[in-house]
Amino acid sequence: MKECLINVQTAVIDMNDSNILELVQNCLDEGLTPIEIIEGGLSKGLEGVGERFDAGEYFLAELIMAGEVVTMATTFLQSMMVPGEIGKKGKVLLATVKGDIHEIGKNILGMVLSASGYEVVDIGANASAELILETLKEQKINMVGLSALLTTTVGGIKEVVELLRQAGMRDQTRIAIGGACCSRQLADEMKVDAFGESAVSAVSIFDGFRESLAVS
Ligand code: B12
C-alpha cells in the first residue's frame, strides 16, 4: 500500500485533524482518485478506530473525533469529484435506519452514486420506516439504499420491508443494505434484494436494479 494512504489511515486513528487535508492532498498528488483515498485511507482508518473501541482502548469521544476528521476529509474530496450527468440513471433514496446515527458510510455512498449519474435523495440518519415510505411515494422512487451499523437497530431494515409490503409496493421497489453489521446472510434474512460491502460495489448493485426494474 502507498505510504501516503498509510499516513491518512494513521491520522484518522490518531484523530489528527491538523494536517488531514494536507495528507489527502498528498494522495491526490500521487495520482490516487478520491474514491481510492476514501476506501483505502479514510475508511480503513475508521476500521482501526472501531477495533480500538472494541478492545476498550478507545471510547465514544474518540469515535466522535475520528468521525469528524473523516467528515472533514470527505467534504474536501467531494469538491474534487466530477458529478455524473445529474440524475440520468434515476433516483435513489438513501437513509440510515431508525435508532442509528452513523452517517459517514451513507454520505460516501451518496457521493459515489451521484458521481456515477444517480440523483440521490438522502433523508439522513435515524430515519423511520414511515418517513422512508412517505418519501418513496412522494418522490416516486423505486430504489433504496439503507445503511445499518448497529446490531441493536438492524431490525429497522425489516420494518421498511414490511411497510413496503403492506403498502403493496415491495415488488416494484429494490432495496440494498450495507454498513458494519450487514452481510449477505442478513440481506437474505431481511428479505432485501442486495448487500454491498463498499460504496463502489453499490454502483453495480443499483445498475443491476435499474435493469431488473426495466424488465419487470
Ligand atoms: C465513527 C463511528 C461512530 C460515530 C459516527 C459519526 C457519524 N457522523 O457517522 C459516532 C461517535 C456517532 C458513533 C456512535 C456510536 N457507535 Co459507532 N462507530 C463508528 C466507527 C468507528 C466507524 C463507522 C464509519 O463511519 N465507518 C466508515 C464508513 C465509510 O464505513 P461504513 O459505514 O461501513 O460504510 C461503507 C460500507 O459499509 C458501505 N455501505 C454503508 N452503507 C451502505 C449502504 C448500502 C446500500 C451499500 C450498498 C453499501 C453501504 O459503503 C461505505 C463506504 O465504503 C464504527 C466501527 C466500524 N467498524 O464500522 C463504530 C461502530 C459502528 N459503532 C459502534 C457503537 C457500539 C456505537 C455506539 C452505540 C457507542 C455508544 N456506546 O454510544 C454509538 C451509537 C449511536 C447511535 N445511536 O447510532 C459499534 C457497533 C457494534 C454493533 N455491532 O452494534 C462499532 C462497530 C464499533 C465497534 N467495533 O464496536 N460511532
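Donors, in this description, are N, O and S atoms within 2.8 Å of the metal, and because water is not among the atoms, a site may look incomplete. With that in mind, let us walk through this structure, which is a predicted model.

Start at the ligand. Its cobalt atom has a single donor from the protein, the NE2 atom of His102, at 2.3 Å. To find His102 along the chain, look in the loop that follows strand S1 (91-96) and leads to helix H5 (104-115).

Next, turn to strand S4, residues 174-178. Is this strand enclosed or open to the outside? Five of its five residues are buried, so S4 is largely enclosed by the rest of the structure. The side facing one way carries Arg174, Ala176 and Gly178, while Ile175 and Ile177 point the other way.

Which strands pair with S4? One of them is S3 (residues 143-147), which runs parallel to S4 and is joined to it by five bridges. Within this pairing, Leu146 has Ile177 of S4 as its bridge partner. Between S3 and S4 the chain passes through helix H7 (residues 155-166), making a right-handed β-α-β crossover.

Another partner is S5 (residues 194-195), also parallel to S4, with two bridges. Here Ala176 is matched with Ala194 of S5. The chain travels from S4 to S5 by way of helix H8 (residues 184-189), and this β-α-β crossover is right-handed too.

Now let us look at how the nonpolar residues gather. The largest nonpolar core has 42 residues, and those with the most contacts inside it are Val12, Ile20, Leu42, Leu113 and Phe206. Several elements supply two or more residues each, among them helices H1 (3-13), H2 (20-29), H3 (34-54) and H4 (60-78), together with S1 and H5. The biggest contribution, seven residues, comes from H9, a helix spanning 199-215. Where does this core sit relative to the two domains? Domain 1 (3-78) and domain 2 (91-215) both give residues to it, so the core lies between them.

For a closer view of this core, pick out Leu42. Setting aside neighbours within four places in sequence, Leu42 is in contact with Val8, Val12, Ile20, Ile37, Val70, Ala73, Thr74 and Leu77.

There is also a second, separate core, made of 27 residues, including Ile141, Ala148, Val160 and Ile177. You have met Ile177 already: this buried residue of S4 is the bridge partner of Leu146.

Note on methods
Residues are numbered from 1 along each chain as its sequence is written. This is a predicted model: local features need pLDDT of at least 70, side-chain atom pairs count only at pLDDT 80 or more; totals for chains, interfaces and linings use all residues. Side-chain values use heavy atoms; hydrogens and water are left out. Donors are N, O and S atoms within 2.8 Å of the metal (3.2 Å for Na, K and Ca); water is not among the atoms, so sites may look incomplete. Helices (H or I, at least four residues) and strands (E, at least two) are DSSP runs, numbered from the N terminus. Buried means under 20% relative accessible area, exposed over 50%, partly exposed in between (1.4 Å probe, protein chains only). Two strands pair if DSSP finds at least two bridges between them. A crossover is right-handed if, with the strands pointing away from the viewer, the path from the first strand over the helix to the second runs clockwise. A nonpolar core is a set of buried Ala, Val, Leu, Ile, Met, Phe, Trp, Tyr and Cys residues joined through side-chain atoms within 4.5 Å. Domain bounds come from an automatic or database domain assignment. Contact means heavy atoms within 4.5 Å.
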